[in-house]
Amino acid sequence: MAKVKVATVWLEGCSGCHMSFLDIDEAIIDLAKVVEFTRSPITDIKEFVPVDVGIVEGSVGNTEEEEVLKELRAHCKTLMAWGDCACFGGVCAMRSTFDKEEVLRRGYIETESTDKGKIPCPPGVPALLDQVKPANHVVKVDCYVPGCPPEPKAILYALNELLAGRIPVLPSDMMRFD
Amino acid sequence: MKEITLTINGKQVKGKDGNTVLDVCQANGIDLPTLCHHKGISDVGACRLCVVEIERERRPVPACTYPARDGLVIQTHNEKLEKYRRLILELLFTERNHLCAQCVSSGDCELQSLAYKYQMDNARYPYSWPALPVDPVNDYLVIDHNRCILCGRCIRTCDEIVGVHTLDFGYRGWKDMVIADLNQPLGKSSCISCGACFQVCPTGAIFSKSSAYKGRPEECQKISSVCQICGVGCKIEALVKDNRLIRIDSPDLASNRGILCHKGRFTTLDRKHERINTALVRNSHGKLEPSPLSEAINTAAKKLTELKARYGNNSIAGIASSQASNESLKAFKEFITVTIGSKLIDTIDGDIYRTIIQGINTYHDKARLDIETSIEEILKADCILVAGANPLESHPVVGAYIVLAARQNKAKLIVIDPAQNSFAYHTNIWLKPREGKEALALNVLLKATLDKGSKKGSAQKKKIASSLSNTNVRQGSEQVGIEADDLLEAAEMLSKARRNIIIYGDGILQNKSPMLITSLLNLAVIVGNPSTGNPRIISLKPKGNSRGAWDMGLANPSQSIMKNLTLNGVKALYLLLADDYVEASELPILHKGMEFIVVQSSYLSSATSKANIVLPSPIWAEVGGKYSTLDGVIKSTSRLIKSTDDIKADAEIFHEISKHIEKK
């Protein structure tokens, strides 16, 4: 049987969800027998190919992240969101209550250690969006594994559900937002 | 109450007339999600999570506000209702900032728990991200409006249970938010920092600085106890983790003495004074230095034995703080009066006891402290006279009861106090006598009340009347600086009321004049209901266990040991401060050339720095003990945390010293 192809992206997040995935310990050996990781921070492959499952960690806070997420959506049959950032906005969304210009000024000019700071601007770097969004506010998301980071067992549960051909919904006792 | 029968989810269930549909569901084990509902406060149907379908109602209705009736047919759980509930949760999550990873209350949040229960793994609606303030101005509490779901629990608790009604909604619609008074910062408002709002807040919108990030309730052990700080004796539930007090809650806010105040709820968590963890002995250079406890006890015993032999038993005096437990005080009394054999024993607040008891004895020679009534009487009163007391500061739960009675029961509130008083908003009449004229003011009020009331009465009433035959209300009012009309109006209120209560405190007691207390008692008799015997009066005693110490006879009823140490030729002083923080300035006796001073205390202070030997005392949370409330109920506290090994219970130390003294 052909392996299930998976692509993962790491957007505005801390990589904690990917770390938590690697924390599934020996279960990764069995998983590797049936799953092939294509584009992913884990494989360091950068090109998208059509896959069965797309996985997104992190929220969407700038134009590049928006583009990557849309591309992932276009290449996958099922899209799964990992972690509070992708599911809800998470810690990254702290900036959303503030004005974008104010955030950039505070970060690049008014930081106590900055001398003659300059706000980086496109096209050199991607432009910040006005607000940080969870993945489902940008593209259609099929299933979610919230948590900051999600427990390895929750990630494994969701992957096994997908492998069994079901769209996973975490049971209440696996749900966590922190 | 009439029983009613309803059909819920196809099953017949019983309820009582007057129940809401939610009451009936809860009584029958039907679990409905709620956020704005809370035990002890009214229901408003704000969160809509408890919506149910009722036959012949066009729309789902909130169960918490729908009156249960005979014959109602109700659906509480079906696909449609569960869909609505999840939708409401999503709306709540997107309205403000409810990202748990950023929140101090994550893990202790009812909104979060419900989202888990409803498997709410995403929010479909756009976030509105309003820029809302965080109000950290108050010493103990923070209101983070970004976390608020506008359930109004805090507001109704502040109004209906605590009574001060500092919090309410401000603005309208989209801009609706919880505000203090007329939108003051919390620290500048009428808030009394009782923390009830913090306890009922279902999210992280109101949190306490003393508990934040110390641990989640689920990780804590919960221990029931009683607060002993001020003598009201409120029930508490302490959350303890790794031998550290994390949080103090009320086990039931709506129950008797269940409100708590800032002292009980917060000050126990972060005490500002430096603890004494080891015994200290003054060395040959005159400096206090740490010593093993057994050695310090030995040295103290040796010196006390020596002084006893040289100058006699009565050269050693013992003075205790009434903050100590009954157990500590009992052991102390035995130590001073039996082991040492000295007659000289007193409490720091002994002068206040003598003032009260002499005042009571002038009123009736056989009367004792137990003629005082209970705190709960405040809530039954229709007229309250507060004389020289500021209970919102000194005994905040008593203060809250007074405000509750004034606001909810429409009790008339009369204040006699030359000083500023925090009841300003709720007072009907504020009589401000000139300083030093309190006694006359009371007698003039007494006379005015006698004039208003019926001429018939008991012998006691007649005796009081004859003693005031020379008092003239008009003349007297000029002398004390109070408008005669105010006095007459107060007298009218007092004589018309059916259930009066008189509360007096510091302002009266500081005068050290028993006459004031006699006058207040006489007033209580004049306005009291003759059928119920005792006059309804309470004194607000200064320390957490004053009543216990006085009832156990630590303070001499007639003679002040505190003041007359030099007169009595005292050479040594044994001071039991326990966990009371006392400054040397409160104890002038420390300066009077003692040869030897032992201080047993939990905290370093200017008082301990005068000692030759300092012995460590545990704080109340480290030992279980008995304490008497100011209205004379003995309550037991539990041990909440362990002290370090070098700290022994007070009674144990007295036992050890006694053993050494008896051997010699």
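Let's start with the sheet in chain B built from β11, β12 and β13. In this predicted model, three strands lie in the order β11-β12-β13 and make an open sheet. The pairing is antiparallel. Which strands stand at the edges? They are β11, residues 221-226, and β13, residues 244-249. Each of these has a single partner strand, so one side of each has no neighbour in the sheet. The sheet is also twisted: on average, neighbouring strands are turned by 30° against each other, direction ignored.

Look at one pair in that sheet. How many bridges join β11(B) to β12(B)? There are 6, and β12 covers residues 235-241. To find the pairing on your screen, go to Val226(B). Its bridge partner in β12(B) is Lys235(B).

A general reminder while we are on strands. In a regular strand, side chains alternate between the two faces of the sheet.

Now to another set of strands in chain B. Strand β6 is residues 134-135, and strand β7 is residues 141-144. They run antiparallel, with 2 bridges between them. The connection is a hairpin, and 5 residues link β6(B) to β7(B). Val134(B) pairs with Asp144(B) of β7(B).

β7(B) has a further pairing, with β10, residues 206-208 of chain B. Here there are 3 bridges, again antiparallel. Which residue of β10(B) stands opposite Val142(B)? It is Phe207(B).

On to the helices. General point first. Two packed helices are described by the angle between their axes and the distance between the axes.

First pair: α13 and α16 of chain B. α13 is residues 438-452, and α16 is residues 484-496. Their axes come within 8 Å and cross at roughly 55°. That angle is why α13(B) and α16(B) count as oblique to each other. The crossing is right-handed. Who makes the contact? From α13(B), the residues are Val444(B), Leu445(B), Ala448(B), Thr449(B) and Lys452(B). On the α16(B) side they meet Leu487(B), Leu488(B), Ala490(B), Ala491(B), Glu492(B), Leu494(B) and Ser495(B). By class, that contact has 8 nonpolar, 2 polar and 2 charged residues.

Second pair: α14, residues 459-467, and α18, residues 514-527, also in chain B. These axes come within 10 Å, and the crossing angle is roughly 125°. α14(B) and α18(B) are therefore oblique as well. Left-handed or right-handed? Left-handed. α14(B) contributes Gln460(B), Lys461(B) and Ile464(B) to the contact, and α18(B) contributes Asn522(B), Val525(B) and Ile526(B). The class count here is 3 nonpolar, 2 polar and 1 charged.

Step back to the whole of chain B. The domain assignment gives domain 1 as 3-77 and domain 2 as 124-267. Domain 3 comes in two pieces, 279-349 and 546-663. Domain 4 is 353-539. How many Å separate the centres of domain 1 and domain 4 of chain B? Taken over C-alpha atoms, 47 Å.

Last stop, the contact between the chains. On chain B, 19 residues are in contact with 24 residues of chain A. The chain B side of that contact has 9 nonpolar, 7 polar and 3 charged residues. One general remark for anyone comparing numbers: interface size is often given as the accessible area lost when the parts come together.

Note on methods: Residues numbered from 1 in each chain as written. Chains lettered and ligands numbered in written order. Predicted model: local features only at pLDDT ≥ 70, side-chain atom pairs only at ≥ 80, totals over all residues. Contact = placed C-beta atoms within 7 Å. Nonpolar A, V, L, I, M, F, W, Y, C, P; charged D, E, K, R; others polar. Domains from an automatic or database assignment. Pairing = 2+ DSSP bridges. Helix = DSSP H or I, 4+ residues; strand = E, 2+ residues; numbered from the N terminus. Axes fitted to C-alpha atoms, helices over the stretch in contact; angles between N-to-C directions. Parallel < 35°, antiparallel > 145°, perpendicular 65-115°, else oblique. Left-handed = near helix turned anticlockwise from the far one by under 90°.
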